[in-house]
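Please walk through the structure below with a focus on side-chain pairing and burial. The sequence and the coordinates are shown first, and the commentary comes after.

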Amino acid sequence: MTISPQTLSTDVAIVGAGPTALFAAFECGMLKLSCVLIDALDSIGGQCAALYPEKPIYDIPAHPSIEGGALIEALDKQIAPFDVPRLLGSRVETLTGHRGDFTLTTARGDTVKAKAVIIAAGAGAFGPNRPPLDGLEAYERTGAVQYYVKKRADFTGKTIVVAGGGDSALDWALSLSEVAEKIYLLHRRDRFRGAPETLSRIEEQIAAGRIEKVVPYQLHALHGTDGQLSAVEVTTLAGESRHLDADTLLPFYGLSTDLGPIALWGLDTHRNTVPVTPATLESSTPGIFAIGDVATYPGKLKLILQGFSEGAMAVHAIHAIVHPDTALHFEYSTSKGVPG
């Protein structure tokens with residue numbers, strides 16, 4: 001279905017539709033500012049929805065555990081009373097103008113006039129860092145090598161090599177150990193980078209025999225026929241080799257990110273991030289703000305809850321741009337309720 005380009009006028013244009021963007025839209029609604037969400041993906045949710053809808057997230061306040069997809073559903077429900085317009089499936093290509101009068105255009109031809117802009121584009125355009133293995137593409141085509149887990153049930157009863165030493169590798173090793181036949185957790189060092197609680201849970205699963213730690217090894221080769229994986233060969237720096245019988249390889253070596261057109265909008269950038277003023281989240285260009293993973297400042301924590309806080313702070317700062325002659329008297333939502 002072809003979607004016709006739209007022309008919209010709003011108080012705030014939010015570039016991105018991931019969790020921090022959705023919460024920023026909620027804050028706009030609470031302060032009676034109009035906004036529009038713009039995202040290159042065909043649906044809301046950003047990386048949470050596109051990459052790990054079934055991955056449990058443990059650091060959302062009031063939720064001991066919540067899957068990425070469920071978090072996005074809850075955030076979507078939260079902004080439903082404000083009827084926020086969405087321009088999905090087409091990324092913002094150009095951003096021109098000045099504080100109080102910006103024009104954004106998308107690749108599809110949409111035009112958005114806005115008084116302020118919030119960049120909540122996560123890490124920008126993203127893709128997996130792929131391991132340099134011969135014949136990798138054939139195994140990717142069959143699904144024997146995957147970089148994201150969308151349906152945990154697809155791995156029921158399988159033997160899986162999870163490669164990587166960070167949070168994604170550890171979290172998925174724990175989650176998939178509940179359904180898989182066996183998990184090999186592979187890392188080139190004997191120490192993993194993760195929260196202490198996560199590392200404790202990993203050790204519990206190792207002791208229970210559900211996870212086998214394979215360290216210090218790194219990927220060396222894939223073995224199989226016609227893209228059907230039978231074994232993953234791993235080696236140490238000293239040349240020692242092991243063959244791990246496996247159905248699936250899940251390499252979690254992070255994402256390759258690119259700011260794309262954002263880098264051409266005249267903002268100061270640093271290593272695919274946008275430096276901002278911590279108190280307001282405003283970038284080097286007045287009227288353009290950045291929140292979430294794309295924003296950087298001293299003491300920054302790359303946590304979703306930090307992104308939520310940044311969204312609230314940015315929107316409060318934007319209120320003065322949209323209503324320069326009106327003082328903002330902040331009230332708690334418990335007493336204010338949702339604006340009608």
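The paragraphs below go from charged pairs to aromatic rings, then to two individual residues and a surface patch.

The model is predicted, and 13 salt bridges are found in it. Side chains of opposite charge can pair when their charged atoms come close. One of these bridges is between Arg130 and Glu140, with an N to O distance of 2.9 Å. It links distant parts of the chain: Arg130 is in the loop between strand E9 (125-128) and helix H4 (136-142), while Glu140 is in helix H4, 10 residues apart. Both partners count as partly exposed, because the relative accessible area is 42% for Arg130 and the relative accessibility is 23% for Glu140. Glu137 belongs to this picture too, since Arg130, Glu137 and Glu140 are linked in a network of salt bridges.

A further bridge joins Arg152 to Glu178, where the closest N and O atoms are 2.8 Å apart. Here the two residues are 26 apart in the chain, with Arg152 in the loop between H4 and strand E10 (159-163) and Glu178 in the loop between helix H5 (167-176) and strand E11 (182-186). Arg152 is partly exposed at 23% relative accessibility, whereas Glu178 is exposed, its relative accessible area being 57%.

Lys300 and Glu310 also form a salt bridge, and their closest N and O atoms are 2.8 Å apart. Lys300 sits in the loop between E20 and H7, and Glu310 sits in helix H7, 10 residues apart. Are these two partners buried or exposed? Lys300 is buried because its relative accessibility is 18%, under the 20% cut-off. Glu310 is buried as well, with a relative accessible area of 1%.

Turning to the aromatic rings, a search of the whole structure gives three aromatic pairs. One of them is Phe23 with Phe26, a tilted pair with 5.6 Å centre to centre and 35° between the planes. Why are these two residues separated by about one helical turn? They are three residues apart in helix H1 (residues 19-30), so about one helical turn separates them. Phe23 is buried at a relative accessible area of 16%, and Phe26 is buried at 11%. Ring pairs extend the group into a cluster of Phe23, Phe26, Phe82 and Phe308.

Two individual residues come next. Thr103 belongs to strand E7 (residues 101-106) and counts as buried, with 17% relative accessibility. Its side chain makes a polar contact of 3.1 Å with the side chain of Lys113. Apart from neighbours within four places in sequence, Thr103 is in contact with Thr94, Leu95, Thr96, Thr111, Val112 and Lys113.

Val294 lies in the loop between strand E19 (288-290) and E20. Although placed in a loop, Val294 is buried, because its relative accessibility is 0%. Contacts of Val294 beyond four places in sequence include Ile119, Ala121, Gly122 and Leu259, and also Asn272, Thr273 and Val274. The C-alpha atoms of Val294 and His270 are 9.9 Å apart, with their positions 24 residues apart in sequence.

The last feature is at the surface. Leu301, Leu303 and Leu305 make a nonpolar surface patch of about 230 Å². Leu301 is in the loop between strand E20 (295-296) and helix H7 (304-322), and is partly exposed at a relative accessible area of 46%.

Key: Residues are numbered from 1 along each chain as its sequence is written. This is a predicted model: local features need pLDDT of at least 70, side-chain atom pairs count only at pLDDT 80 or more; totals for chains, interfaces and linings use all residues. Side-chain values use heavy atoms; hydrogens and water are left out. Patches are made of residues with over 30% relative accessible area and no salt bridge: like charges are joined within 9 Å, nonpolar side chains (Val, Leu, Ile, Met, Phe, Trp, Tyr) within 5 Å. Accessible areas come from the Shrake-Rupley method with a 1.4 Å probe; for residues, only the protein chains shown count as cover. A salt bridge is a side-chain nitrogen of Lys or Arg within 4 Å of a carboxyl oxygen of Asp or Glu. Helices (H or I, at least four residues) and strands (E, at least two) are DSSP runs, numbered from the N terminus. Buried means under 20% relative accessible area, exposed over 50%, partly exposed in between (1.4 Å probe, protein chains only). A polar contact is a pair of N or O atoms within 3.5 Å; within protein, one must be able to donate a hydrogen and the other to accept it, and residues adjacent in sequence count only if both atoms are side-chain atoms. Contact means heavy atoms within 4.5 Å. Rings of Phe, Tyr and Trp (its six-membered ring) pair if their centres lie within 6.5 Å; planes under 30 degrees apart count as stacked, over 60 as edge-to-face and the rest as tilted.
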